[in-house]
Amino acid sequence: YFIDWKNDVDSYFTIDANEGTIATNELLDRESTAQYNFSIIASKVSNPLLTSKVNVIINVLDVNEFPPEISVPYETSVCENAKPGQVIQTVTAADKDLSPAGQRFSFRLSPEASNKPNFTVHDYRNNTAGIETRRNGYSRRQQELYLLPVVIEDSSYPVQSSTNTMTIRVCRCDSDGTILSCNVEAIFLPVGLSTGALIAILLCIVILLVIVVLYVALRRQKKKDTLMTSKEDIRDNVIHYDDEGGGEEDTQAFDIGALRNPKVIEDNKMRRDIKPDTLRFPRQRPPVEDNTDIRDFINRRLQENDVDPAAPPYDSLATYAYEGNGSVAESLSSIESLTTEADQDYDYLSDWGPRFKILADMFGEEESYNPDKVT
């Protein structure tokens with residue numbers, strides 16, 4: 001016995017040459033090929049030319065290996081104003097196995113969803129089921145999506161079952177149950193607020209954010225400029241010199257101008273830390289009266305030097321050759337006195353009393369003064 005080689009089913013089946021027993025050569029899949037049709041040829045061993053041919057049809061029996069599943073759609077919606085017991089979706093099942101006639105499917109909720117009073121599954125026992133509400137109204141603000149696990153079983157052997165999760169979205173509907181809006185903006189917007197209003201609100205928020213960012217950037221830039229100005233101020237720097245000065249008279253050893261305020265230096269271009277090179281003519285001062293008090297005279301001179309831009313700030317000694325009046329002895333200085341001692345008369349000292357007796361003896365006649373008698 002042998003299989004006719006004119007067809008390509010010989011790879012799935014084999015036949016015993018002596019007994020004529022047909023056996024499978026590979027695994028068969030009824031969902032792929034449910035029936036095979038080929039020919040068997042028998043020949044006589046003593047005379048191979050004597051042959052006969054017969055057609056063989058093999059039907060592959062079904063084995064329940066796939067669980068049933070919910071037919072599309074897997075997603076449905078419910079209105080916010082839904083009433084308890086309202087059917088929101090009718091579902092059916094599909095099985096990849098070629099189900100025999102009369103096979104039935106059963107629907108029920110999974111055990112973990114049975115305790116949640118949101119939705120339920122009503123099996124109509126005709127291979128369909130309805131998803132019903134169990135609450136009086138739903139709120140999109142509280143929860144937008146609900147996940148409902150539904151268990152489906154078939155009636156073949158062995159029994160196969162599967163759990164299918166349905167997505168239920170809460171939508172805004174009118175009084176007739178017509179869906180008006182199921183998008184994401186329903187979570188954030190109250191009823192009646194349009195998309196244009198949402199865009200306007202978002203635009204205002206963006207403008208406010210831009211203003212805040214610009215304000216912060218300007219504040220940081222201003223603070224940075226202030227810090228840079230402070231760092232560039234030479235008064236905040238430590239100036240170091242590696243040379244040794246020549247004393248108080250050495251005014252060229254260092255530049256004292258670096259320690260002065262740069263704004264004052266810019267306003268007044270004249271160097272006041274060293275003695276000016278140019279010869280300045282003395283200012284004409286008003287003559288001093290004889291009865292001027294010495295304190296008023298000095299204060300007036302100080303005020304003149306304070307407001308004088310050419311006055312030197314360096315170390316100097318100002319000498320005033322003037323003596324005040326008001327003393328009983330008048331002036332004792334040689335200034336404005338006679339040029340020779342011979343012309344000087346000290347006889348008036350004798351008239352000053354006992355306290356000036358020694359002084360009168362010293363400047364009186366030489367023969368009247370004896371130092372040994374002075375006590």
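## A hairpin to start with

Let's begin at a turn: in the hairpin made by S13 and S14, with five residues between the strands, Gly-177 takes a positive phi near 90°. The model you are looking at is predicted, so keep that in mind as we go. Strand S14 covers residues 179-181, and two bridges join S13 to S14, with the strands running antiparallel. To find this pairing on screen, pick Arg-172, whose bridge partner in S14 is Ser-181.

## S13 and its other neighbours

Which other strands does S13 pair with? One of them is strand S12 (residues 145-153), joined to S13 by nine bridges and running antiparallel to S13. Here a handy pair to look for is Ile-152 and its bridge partner in S13, Ser-162.

Strand S7 (residues 75-79) is another: five bridges join S7 to S13, and these strands run parallel. Look for Thr-76, whose bridge partner in S13 is Ile-168. So you can see S13 with an antiparallel partner in S12, a parallel partner in S7 and an antiparallel partner in S14.

## Zooming in on Arg-169

Now click on Arg-169, which sits in strand S13 (residues 161-173). What does Arg-169 touch, if you skip residues up to four places away in sequence? The list is Glu-75, Thr-76, Ser-77, Val-78, Glu-144, Leu-145 and Cys-182.

Two of these contacts deserve a second look. Glu-75 is 94 residues away from Arg-169 along the chain, yet their C-alpha atoms are separated by 7.7 Å. With Glu-144, the link is between side chains: a polar contact of 3.0 Å joins Arg-169 to Glu-144.

## Two open sheets

Elsewhere in the chain, three strands form an open sheet in the order S1-S4-S5, with antiparallel pairing. Which strands are at the edges? They are S1 (2-3) and S5 (51-59), each of which pairs on one side only. Strand S4 (residues 35-43) pairs with S5 in the antiparallel sense over nine bridges. You can follow that pairing from Asn-37 to its bridge partner in S5, Ile-57.

Another open sheet has four strands, in the order S6-S8-S11-S10, and its pairing is antiparallel too. Its edge strands are S6 (69-70) and S10 (119-123), and each pairs on one side only. S6 pairs with strand S8 (residues 87-94) in the antiparallel sense over two bridges. Here Ile-70 has Ala-93 as its bridge partner in S8.

## Rings that pair up

Next, the aromatic side chains. How many aromatic pairs are there? The count comes to eight. Take Tyr-348 and Trp-352: their ring centres are 5.5 Å apart and their planes meet at 50°, so the pair is tilted. Trp-352 also pairs with Phe-356, with centres 4.8 Å apart and planes at 80°, so this pair is edge-to-face.

Are these three residues buried or exposed? Each one falls in between. Tyr-348 has 36% relative accessibility and counts as partly exposed. Trp-352, at 24%, counts as partly exposed, and Phe-356 counts as partly exposed at 29%. In another part of the chain, ring pairs link Tyr-12, Phe-13, Tyr-36 and Phe-38 into a cluster.

## The whole chain

Time to zoom out. The protein chain has five helices and 14 strands. Of its 375 residues, 21% count as buried. The chain exposes about 28,500 Å², and carbon and sulfur atoms supply 54% of that area. Among contacts between residues at least 6 apart in sequence, 54% join residues at least 24 apart. The pair of Arg-169 and Glu-75, 94 residues apart along the chain, gives you a feel for such separations.

## How confident is the prediction?

The chain averages a pLDDT of 76, and 63% of the residues score at least 70. Which elements have the lowest and the highest mean pLDDT? Helix H1 (residues 185-188) has the lowest, at 49, whereas strand S11 (residues 128-133) has the highest, at 94. You have already met S11 as a member of the S6-S8-S11-S10 sheet.

Conventions. Residues numbered from 1 in each chain as written. Heavy atoms only, no water. Contact = heavy atoms within 4.5 Å. Polar contact = N/O pair within 3.5 Å; in protein donor to acceptor, adjacent residues only side chain to side chain. pLDDT = per-residue confidence, 0-100. Pairing = 2+ DSSP bridges. Buried < 20%, exposed > 50% of the residue type's maximum accessible area, 1.4 Å probe, protein only. Areas by Shrake-Rupley, 256 points an atom, 1.4 Å probe, with all protein chains shown as cover. Phe/Tyr/Trp six-rings, centres within 6.5 Å; stacked < 30°, edge-to-face > 60°.
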